[in-house]
Amino acid sequence: MVYRPRKKNARLSVPALSRLPQALAERRAPRYSRFPRRAVAVAVALLFWSLEAYAVEMVNGVGMEFVLMPAGSFHMGADLNFEDGAKSETPRRQVTVSKPFYLGKHEVTQGQWVAVMGDNPSRFKGRDNPVDSVSWGDAQAFLEKLNRREGTSRYRLPTEAEWEYSARAGTETAYFFGDDSRALSAYAWQGESYDRGSTRPVGGKEANPWGLFDIYGNVLEWARDWFGENYYESGPAADPAGPPAGAARSIRGCAWGEEASSCRSARREGLSPDGRRFDLGFRVAMTAEGF
Ligand SMILES: [Ca+2]
């Protein structure tokens, strides 16, 4: 007797993912269940469409990598029961980031800066090191040129709320890895001597839970907001974007020369928008399509 393999039943085979919606719709089924199957097919098709429209990660024309941050709520500000925060980091309050947005996986590098601006103002030269010694105004000039170059208006600095929400990545502790600063060296270039230290190539340490590198350490990062010392007392709970005016713009994170207590998620400072420091750069945010 010749062994004959059972004929493969095409209707039971696993269809290629791209054909799944159609396969679900066409699959023979009792009459009473046809409508639900079509509904499932439409839902699956919509899911594929939305995943394509809102890719979790993307790369732009100058090689900047972005990660999609989901909308959500978090506790913004320092918890003085467990961390040594400044008064400007309080009161800690519930804040909602109502729209998803993209945030740079890395600080803007000198290679990316030069590709857009043509010159390199950084003290510590290195193609993959973060750009340093750029003012808030310089960052705006970069963003304007980047937007023009890519034919969009979506590139901008993150708000303080967006920055801290992304840095925390769902955590409530002083650092995204807990409250014990002894783990910091795995995630951040910091604690070096200001006399002998420097920036380092981006991405050399571990990322935070949402895939962002050098959130603490390497360079401090400009945020979009005006800096308000008492802003947390009166700022809105939904999408706070800083006071309407001020003398300083907000900076977040910490620098390669700073100590661990400065490298907390809640840490915030202000600096004149004209100010340039060799331990200060920025990270780019991008508004998600349709928001
Ligand atoms: Ca940083």
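Helices and strands are taken here as DSSP runs, numbered from the N terminus, with at least four residues for a helix and at least two for a strand. On that basis, Asp128 belongs to the loop between helix 3 and helix 4, a region to which this section returns below. The model is a predicted one. Its protein chain holds six helices and 11 strands. Of the 291 residues in the chain, 37% are buried. Contacts between residues at least 6 apart in sequence were also examined, and 68% of them join residues at least 24 apart.

A good place to begin is the pairing of helix 3 with helix 4. Helix 3 covers residues 110–117 and helix 4 covers residues 136–150; their axes lie 9 Å apart and meet at an angle of about 70°. Since angles from 65 to 115 degrees count as roughly perpendicular, the two helices are therefore roughly perpendicular to each other. The crossing of helix 3 past helix 4 is left-handed. On the helix 3 side, the contact is formed by Trp113, Val116 and Met117, and these meet Phe142, Lys145, Leu146 and Arg149 of helix 4. Sorted by class, this contact comprises five nonpolar and two charged residues, with no polar ones.

Within helix 3, the buried residues are Gln110, Gln112 and Trp113. Viewed down the helix axis, the buried residues of helix 3 fall within an arc of 160°, so they line one face of the helix. Helix 4 is among the elements that cover these buried residues. Trp113 thus appears in both descriptions: it is buried, and it takes part in the contact with helix 4. Just after helix 3 comes Gly118, with a positive phi of about 90°.

The loop that joins helix 3 to helix 4 offers several residues worth a look. Pro121 lies in this loop and counts as partly exposed because it has 16 C-beta neighbours inside 10 Å. The C-alpha atom of Pro121 is 8.7 Å from that of Gln110, although 11 residues separate the two along the chain. With residues up to four places away in sequence set aside, Pro121 touches Ser133 and Val134. Ser133 is itself a member of the loop between helix 3 and helix 4. The phi angle of Ser133 is positive, at about 60°, although the residue is not a glycine. With 17 C-beta neighbours inside 10 Å, Ser133 is also classed as partly exposed.

Asp128, introduced at the start, shares this loop setting. It is partly exposed, with 15 other C-beta atoms within 10 Å. Asp128 and Gln112 are 16 residues apart along the chain, and their C-alpha atoms are separated by 8.5 Å. Beyond its neighbours within four places in sequence, Asp128 is in contact with Thr109, Gly111, Pro201 and Val202.

Helix 5 gives a clear picture of burial. Nine of the nine residues in this helix (residues 160–168) are buried, so helix 5 is largely enclosed by the rest of the structure. The buried residues include Glu160, Glu162, Glu164 and Arg168, along with Trp163 and Tyr165. Ala169, just after helix 5, takes a positive phi of about 50°.

Attention now turns to strand 4 and its surroundings. The loop between strand 3 (72–76) and strand 4 (93–97) contains Pro91, and the peptide bond leading from Thr90 to Pro91 is cis, with omega near -5°. Arg93 is found in strand 4 and counts as partly exposed, with 14 C-beta neighbours inside 10 Å. Not counting residues up to four places away in sequence, Arg93 touches Met76, Gly77, Tyr232 and Ala237. The C-alpha atoms of Arg93 and Glu233 are separated by 8.9 Å, while the two residues are 140 apart along the chain.

Finally, Asp239 lies in the loop between helix 6 (231–234) and strand 8 (249–252). Asp239 is a residue other than glycine with a positive phi, near 50°. It counts as partly exposed, with 15 C-beta neighbours inside 10 Å.

Conventions:
Residues are numbered from 1 along each chain as its sequence is written. This is a predicted model: local features need pLDDT of at least 70, side-chain atom pairs count only at pLDDT 80 or more; totals for chains, interfaces and linings use all residues. Axes are lines fitted to C-alpha atoms, for helices over the stretch in contact, and angles run from 0 to 180 degrees between N-to-C directions. Angles under 35 degrees count as roughly parallel, over 145 as roughly antiparallel, 65 to 115 as roughly perpendicular and the rest as oblique. A crossing is left-handed if the near helix is turned anticlockwise from the far one by less than a right angle, and right-handed if clockwise. Two residues are in contact if their C-beta atoms, placed from the backbone, lie within 7 Å. Ala, Val, Leu, Ile, Met, Phe, Trp, Tyr, Cys and Pro count as nonpolar, Asp, Glu, Lys and Arg as charged, and the others, Gly among them, as polar. A residue is buried if 20 or more other C-beta atoms lie within 10 Å of its own, exposed if 12 or fewer, and partly exposed in between; C-beta atoms are placed from the backbone. The arc is that of the directions from the helix axis to the C-beta atoms.
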